[in-house]
Amino acid sequence: MYDQWSEVVLVLTQKTDTDPGIKGMAQTSARISYGFMCLTLCWGVFTATGWIKSLTGRKALRNSHMVLGILALSFGVVHAMSFLFLPDGFTLAQISVPLLPGTLARHELGVIGLEVMIAVALTGGISRFSSYRRFLWIHRLAYPAVAITALHSFFGAMANGHLGLLWFGGITLLVPAVLLTALRFTPTRYLERLGLVEELV
C-alpha cells in the first residue's frame, strides 16, 4: 500500500520536458484568474459606492463580490502551484516567498500581488472583529495588488511571446477596472458636475 502511494506521488511530482498539459494549465488558470480579478475590482467599486444598489440589495452585492474574489484567488493559487510541476525547477519558496535572490522580477510581481490579495481576502473574513477604519485601509491594498498583478501578466505575456492578441484581451478587461477605480476616488462634486451622479438635495 505504501509503495502504491509513493509511486502516485512520484508520478505527480515528476517534471518532464514533454508535458504541455501543465504549462497549458498554468496559462489558462492565469488568464481566468486575471479576468476574475478585474471583475472583482469592478464589482467591489460598485459595492462600495452603491452605484448599482437599485438592481439588487447591498448584501447580494457584497456576497457576489466575495465570490468573484474567491474565484480570482483560487485560479491564482492554481496558477502559482502549477509552476512546481514545470521542468524549469521552481521551488515552493520561489512561488511563496517574495524577493528571493535569483528569482525573475516578473515572478516576484506575481508572488507579491497574489499574497497581498490573499491578505486582503483574509482580513475581509475577519472584518467584524476589527475596526472599520483598519479593515478599509487593508482592503484598499487590493488596488495596488491588482496593478502589480497586471504588470506581472503583461511581463509574463511578453516573455512568452503572447503579447499581441493576449494582451489586447488583458487591456480590454483592465480598462473598466482602472476607469471605475478612478471614478471611485474622484470627489463627488466633480462627478456631479459631469452628470455621472445625481446631486443630493
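**Exercise 1. Determine how the span of helix α7 compares with the expected value, and where its buried residues lie around the axis.**

Solution. Helix α7 covers residues 142–159, which makes 18 residues, and it reaches 25 Å from its first C-alpha to its last. The expected span at 1.5 Å a residue is 26 Å, and the value for α7 is close to it. These values, like those below, belong to a predicted model.

The next step is to list the buried residues of α7: Ala145, Val146, Thr149, Ala150, His152, Gly156 and Ala157. They cover an arc of only 160° around the axis, so they lie on the same side of α7.

Finally, the residue Gly161 follows α7 and has a positive phi, near 75°.

**Exercise 2. Describe the overall make-up of the protein chain in terms of helices, strands and buried residues.**

Solution. The protein chain contains nine helices and zero strands. Of its 201 residues, 28% count as buried. Turning to contacts with a separation of 6 or more, 64% of them join residues 24 or more positions apart. The exposed surface of the protein chain is about 13100 Å², and carbon and sulfur atoms supply 69% of it.

**Exercise 3. Identify which helices supply the largest nonpolar core, and which residues have the most contacts inside it.**

Solution. This core has 21 residues, and Tyr34, Met37, Cys38 and Met117 are those with the most contacts inside it. At least two residues of the core come from each of α2, α3 (58–82), α5, α7 and α8 (163–184). The largest share, seven residues, is supplied by α2.

Met117 can then be examined by itself. Beyond its neighbours within four places in sequence, Met117 is in contact with Met37, Leu73, Ala145, Val146 and Thr149. Of these partners, Ala145, Val146 and Thr149 are among the buried residues of α7.

Another core, of seven residues, lies apart from the largest one; Ile22, Ala26, Phe90 and Ile95 are among its members.

**Exercise 4. Establish whether His107 is buried or exposed, and name the residues it touches.**

Solution. His107 lies in helix α5, residues 105–125. Its relative accessible area is 14%. The cut-off for buried is under 20%, and therefore His107 is buried. With residues up to four places away in sequence left out, His107 touches Phe90 and His152. Phe90 is a member of the seven-residue core, while His152 is one of the buried residues of α7.

**Exercise 5. Characterise helix α2 and the residue after it.**

Solution. Helix α2 has 30 residues, 20–49, and its span of 44 Å is close to the expected 44 Å. Gly50 follows α2, with a positive phi near 75°.

Conventions. Residues are numbered from 1 along each chain as its sequence is written. This is a predicted model: local features need pLDDT of at least 70, side-chain atom pairs count only at pLDDT 80 or more; totals for chains, interfaces and linings use all residues. Side-chain values use heavy atoms; hydrogens and water are left out. Helices (H or I, at least four residues) and strands (E, at least two) are DSSP runs, numbered from the N terminus. The expected span of a helix is 1.5 Å times one less than its number of residues. Buried means under 20% relative accessible area, exposed over 50%, partly exposed in between (1.4 Å probe, protein chains only). Contact means heavy atoms within 4.5 Å. Accessible areas come from the Shrake-Rupley method with a 1.4 Å probe; for residues, only the protein chains shown count as cover. The arc is that of the directions from the helix axis to the C-beta atoms. A nonpolar core is a set of buried Ala, Val, Leu, Ile, Met, Phe, Trp, Tyr and Cys residues joined through side-chain atoms within 4.5 Å.
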